[in-house]
Amino acid sequence: MKVDILLGLQWGDEGKGKVVDVLTPRYDVVARFQGGPNAGHTLEFEGQKYVLRSIPSGIFQGDKVNIIGNGVVLDPALFKAEAEALEASGHNLKERLHISKKAHLILPTHRILDAAYEAAKGDAKVGTTGKGIGPTYTDKISRNGVRVGDILHDFDKKYAVAKARHEQILKSLNYEYDLTELEKAWFEGIEYLKQFRFVDSEHEINGLLSEGKSVLCEGAQGTMLDIDFGSYPFVTSSNTVCAGACTGLGIAPNKIGEVYGIFKAYCTRVGAGPFPTELFDKTGDQICTLGHEFGSVTGRKRRCGWIDLVALKYAIMVDGVTKLIMMKSDVLDSFETIKACVAYKVNGEEIDYFPFDIEGVEPVYVELPGWQTDMTKMQSEDEFPEEFNAYLSFLEEQLGVPVKIVSVGPDREQTIERYTEE
Ligand code: GDP
Ligand code: IMO
Ligand code: MG
């Protein structure tokens, strides 16, 4: 019996999809526990590239069961497009992909509401992905949501009640919209969804665990986007932290084993909100270009900056991270020196903890020598340059958790496991 969790420690896009795919052969089940099609998880192998939004990243490795948990919000239209594309490329999903009856449905009007609320916020807008995430979770919490399991019982009525309520709100906001196309695709999505197995995922997962099976839980977004612990209000609407796997799948906390915390060797953020180590200079542009830092789903340019160890330490604390995974090391291959933020300056005073509000804090950096070596073809840690090992040791010392996996390129094969003593 084993439940491990892999989650992002920054503002998302750390490379979760790639590593879940790499780790999948070690597990029987892969399960998503929160978020929805705001996620874009990229996988590359055998010269192919896939971007997953709602489907777990364990779908490509053998016949592993993949579960969309109760904590996820699902848009049937986007799900259909995603699943059909995978099926067209030869990946059979219907038997292996199970969907929780308790997952909430993103309605067409949730997407319109997302846009309307953003427009109403003006300059203070969050910069959401526009997928209806916030309004869907709002309905869940206010006990007005429509769930996957409702598709099987009195669905038309439940849909009509929710839609009418949303239309009232949109009217009060004076927001113009046209639902025709969205609604058509959505109902086609509902029909398509019916071909999948709807499950009580909490029973399924706990049943598998009692048979001795192992589960890998796949996080979406990142800890800095968590509704409670992220840079509120510039966050997503779910618990992206470790505890989210318990509520989003029905797994008791005492069943959790390893918590893999994943981070980039630098830092990015997409959408609005504070980002203490953001770079507005040539170095920032260089990271963006070398790292191809454009959103996997929206294509939006990601804001880039140096690694923020104050924020990372905070994320490691709230997530209970036991193993670290460092991604995109290769993006820094050509840099002469590399900076890492070790403290913040607030009103002239230096602090080393993550405060209530990070707006306006100034980063305090240490500068380390770069390795100036192409790492993309390396196969083992024995090949790591001295300066890279020094960078890893520095991070481990600062963060207090070992870096177990290093990624040196987007491909499945460009992943190096470290066998250092713990
Ligand atoms: P996720 O949302 O956490 O799954 O991450 P995304 O897929 O949104 O963004 C990560 C991007 O970095 C994708 O384009 C990956 O193909 C790419 N990537 C992942 N690992 C590496 C790496 O080690 N090096 C480089 N250069 N790219 C990587
Ligand atoms: P993955 O899983 C990066 C950001 C949005 C916005 C904020 C709220 O690929 O790492 P939402 O649509 O969730 O209400 O938007 O959260 N955001 C992400 N940023 N990666 C993601 O997912 C994200 N999902 C949401 O840009 O700032
Ligand atoms: Mg992503």
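**A buried glycine and the magnesium site**

Gly40 is buried, with a relative accessible area of 11%. In this predicted model, that glycine offers a starting point for a walk through the structure.

Gly40 is one of the residues that coordinate the magnesium ion (ligand 3): its O atom serves as a donor, together with OD of Asp13, at 2.1 to 2.2 Å. Asp13 is found in the loop between β1 (2–8) and α1 (16–23), while Gly40 belongs to the loop between β2 (29–32) and β3 (41–45), so the pair ties together parts that are 27 residues apart in sequence. The two donor residues can also be described by their accessibility. Asp13 counts as partly exposed, at 22% relative accessibility, whereas Gly40, at 11%, is buried; the cut-off for buried is under 20% relative accessible area.

The loop between β2 and β3 also holds Ala39. At 4% relative accessibility, Ala39 counts as buried. Leaving aside residues up to four places away in sequence, Ala39 touches Arg32, Leu52, Arg53, Ala220, Gln221 and Val297. A further relation in space concerns Gly219: the C-alpha atoms of Ala39 and Gly219 are 9.5 Å apart, although 180 residues separate the two in sequence.

Ala220 and Gln221 lead onward to Thr240, which touches both of them. Thr240 is placed in the loop between β10 (214–218) and α8 (243–249), and its relative accessibility of 1% counts as buried. Its other contacts, again without residues up to four places away in sequence, are Leu7, Phe33, Gln34, Gly222, Thr223, Leu225 and Asp226.

The view may now be widened to the protein as a whole. It has 11 helices and 20 strands. Its radius of gyration is 21 Å, close to the 22 Å that the globule rule gives for 422 residues, so the protein is as compact as a globular protein of that length. Taken along the principal axes, the box filled by the C-alpha atoms is roughly 65 × 50 × 40 Å.

Of the 422 residues, 57% count as buried. Among contacts between residues at least 6 apart in sequence, 77% join residues at least 24 apart. The contact of Ala39 with Val297 illustrates how one loop residue touches another part of the chain.

Finally, the surface and the charges may be considered. The protein exposes about 17,700 Å², and carbon and sulfur atoms supply 50% of that area. There are 46 positive and 64 negative charges, and their mean positions lie 6 Å apart.

Technical notes
Residues are numbered from 1 along each chain as its sequence is written. Chains are lettered from A and ligands numbered from 1 in the order in which they are written. This is a predicted model: local features need pLDDT of at least 70, side-chain atom pairs count only at pLDDT 80 or more; totals for chains, interfaces and linings use all residues. Side-chain values use heavy atoms; hydrogens and water are left out. Helices (H or I, at least four residues) and strands (E, at least two) are DSSP runs, numbered from the N terminus. The radius of gyration is taken over C-alpha atoms; the globule rule is 2.2 Å times the number of residues to the power 0.38. Buried means under 20% relative accessible area, exposed over 50%, partly exposed in between (1.4 Å probe, protein chains only). Contact means heavy atoms within 4.5 Å. Accessible areas come from the Shrake-Rupley method with a 1.4 Å probe; for residues, only the protein chains shown count as cover. Lys and Arg count as positive and Asp and Glu as negative; His and the chain ends are not counted. The place of a charge is taken as NZ of Lys, CZ of Arg, CG of Asp or CD of Glu. Donors are N, O and S atoms within 2.8 Å of the metal (3.2 Å for Na, K and Ca); water is not among the atoms, so sites may look incomplete.
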